[in-house]
Amino acid sequence: PRSGGGVRTPAATSLSVLDPVAEDVRAALNWAVTRGDPRPGLAVASGLEHWWRERGLAGEGREWMRRLSARAGETGAAVPDRELAVAYRVHAVLAGAEGDHDEGLRLSRSAEVAARRAGDVRLLTRVLAGRSAPLLGIGRIGDAERSCREVIAWAARKHASADALFAVYTLAGILWRRGAYDEAANLLATARPGEASRPGESGRRTIDTLLGLVALGRGDVVAAHDHLTVALRSQVTFGFRARACETLNAIAARCSVGGDPITAARLFGAAQALGSRLRVAPGLLGPYWREQQAASRVALGDMAFDTAYAAGAALSADEAVAVALAVEHPDLALDSHRFSHSS
């Protein structure tokens, strides 16, 4: 596919194509661990980074990484620094997905050492961009923000801004939580071309999810609705289930802010159930989800809220997505004044 300017845009990666061959992949990894060369095994396990996370399998991915690393040590396999850095980085991400932030920070530092030895600027940028996540996870918010700003500026000087996307996402989340909506929106808008150029990121639409939250912070339910529904459709299409769970929470918040507490309660219940199955940690967004749930509970009363929440929790993932995408656009509501004319 091509963008409007004639520049070729990489196709988004679909994780769904991996689901039917999951057992074959596991068999190949087991062969690499028990009898084969661990180097290709590490490459495969690292390449499944998004799939491990989006299917709630970060723990399994970590176990394969441990076993493959042990196999490399036992066999004396020479793993080049670049491949080693990639493996350490992915292992750090998976540790963070399970809330093991101290281990994530240790692995990230090991990844940095290997990436510097390899002399790979783009890989080093990706490693440093991910450093903010474990810092944030252990409560070092100031250090996380400083790390994000430094790597974003450094990447711009090195013409590697697309590789600093994770730092952009983290910094935007910090700014959003602080109420610095303009800075967050400008940061995300600047990063759009980088996200579009990365097949592993474009389908996740993280920027749209975050822009939807920024719009909610500003009280712009129309913009929030547009960003969040675009994000959810893309995430479902390309198989990003854990990310879709977060966007379900965000659309629930959009309903809460937009005066539809019943749908908000149902979607919060659905997102909680799906998140439990996929082991999605609430992270930085958790307090906001709780705030909006509390607002919906106040609006409905305990009994009505609990009934709607339980009904949402009983929905399948597809049913929950259908409920979210069926939420009426604010401009179509009967009391919308967006296109009204003064008399």
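Modeller: Let me start with a term we will need: buried means under 20% relative accessible area, exposed means over 50%, and partly exposed is in between, with a 1.4 Å probe and protein chains only. By that rule Trp176 and Tyr288 are both buried. This is a predicted model, where local features need pLDDT of at least 70, side-chain atom pairs count only at pLDDT 80 or more, and totals for chains, interfaces and linings use all residues. Residues are numbered from 1 along each chain as its sequence is written, and side-chain values use heavy atoms, with hydrogens and water left out.

Biologist: What makes Trp176 and Tyr288 an edge-to-face pair?

Modeller: Rings of Phe, Tyr and Trp (its six-membered ring) pair if their centres lie within 6.5 Å; planes under 30 degrees apart are stacked, over 60 edge-to-face, and the rest tilted. By this rule there are 4 aromatic pairs. For Trp176 and Tyr288 the centres are 5.1 Å apart and the planes stand at 90 degrees, so the pair is edge-to-face. Trp176 sits in helix H10 and Tyr288 in helix H17, so the pair ties together parts 112 residues apart in sequence. Trp289 joins these two in one aromatic cluster.

Biologist: Why is Arg55 called buried?

Modeller: Because its relative accessibility is 10%, and the cut-off for buried is under 20%. Arg55 is in the loop between helix H3 (49-54) and helix H4 (58-75). Contact means heavy atoms within 4.5 Å; beyond four places in sequence, the contacts of Arg55 include Asp19, Arg241 and Leu278.

Biologist: And what makes His159 and Arg279 exposed?

Modeller: His159 has a relative accessible area of 76%, so it counts as exposed. Arg279 has 57%, so it is exposed too. His159 lies in the loop between helix H9 (141-157) and helix H10 (165-178), and Arg279 in the loop between H16 and H17. Neither is a glycine, but phi is positive in each: near 60 degrees for His159 and about 55 degrees for Arg279.

Biologist: How do you know that the span of helix H18 agrees with its number of residues?

Modeller: Helices (H or I, at least four residues) and strands (E, at least two) are DSSP runs, numbered from the N terminus. The expected span of a helix is 1.5 Å times one less than its number of residues. For the 12 residues of H18 (302-313) that gives 16 Å, and the end C-alpha atoms are 16 Å apart, so the two agree.

Biologist: Which residues of H18 are buried, and which are exposed?

Modeller: Phe305, Ala308 and Gly312 are buried. They cover an arc of only 70 degrees around the axis, so they are on the same side of H18; the arc is that of the directions from the helix axis to the C-beta atoms. Met303 and Thr307, on the other side, are exposed. The cover over the buried residues includes helix H16 (261-278) and helix H17 (286-300).

Biologist: How do you know where to trust the model?

Modeller: pLDDT is the predictor's confidence in each residue, from 0 to 100. The chain has a mean of 92, and 93% of its residues reach 70 or more. Among the elements, H18 has the highest mean, 98, and helix H12 (199-202) the lowest, 85. Residues 1-7 stay under 50, as do residues 338-343. Where pLDDT is low, the predicted coordinates should not be read in detail.
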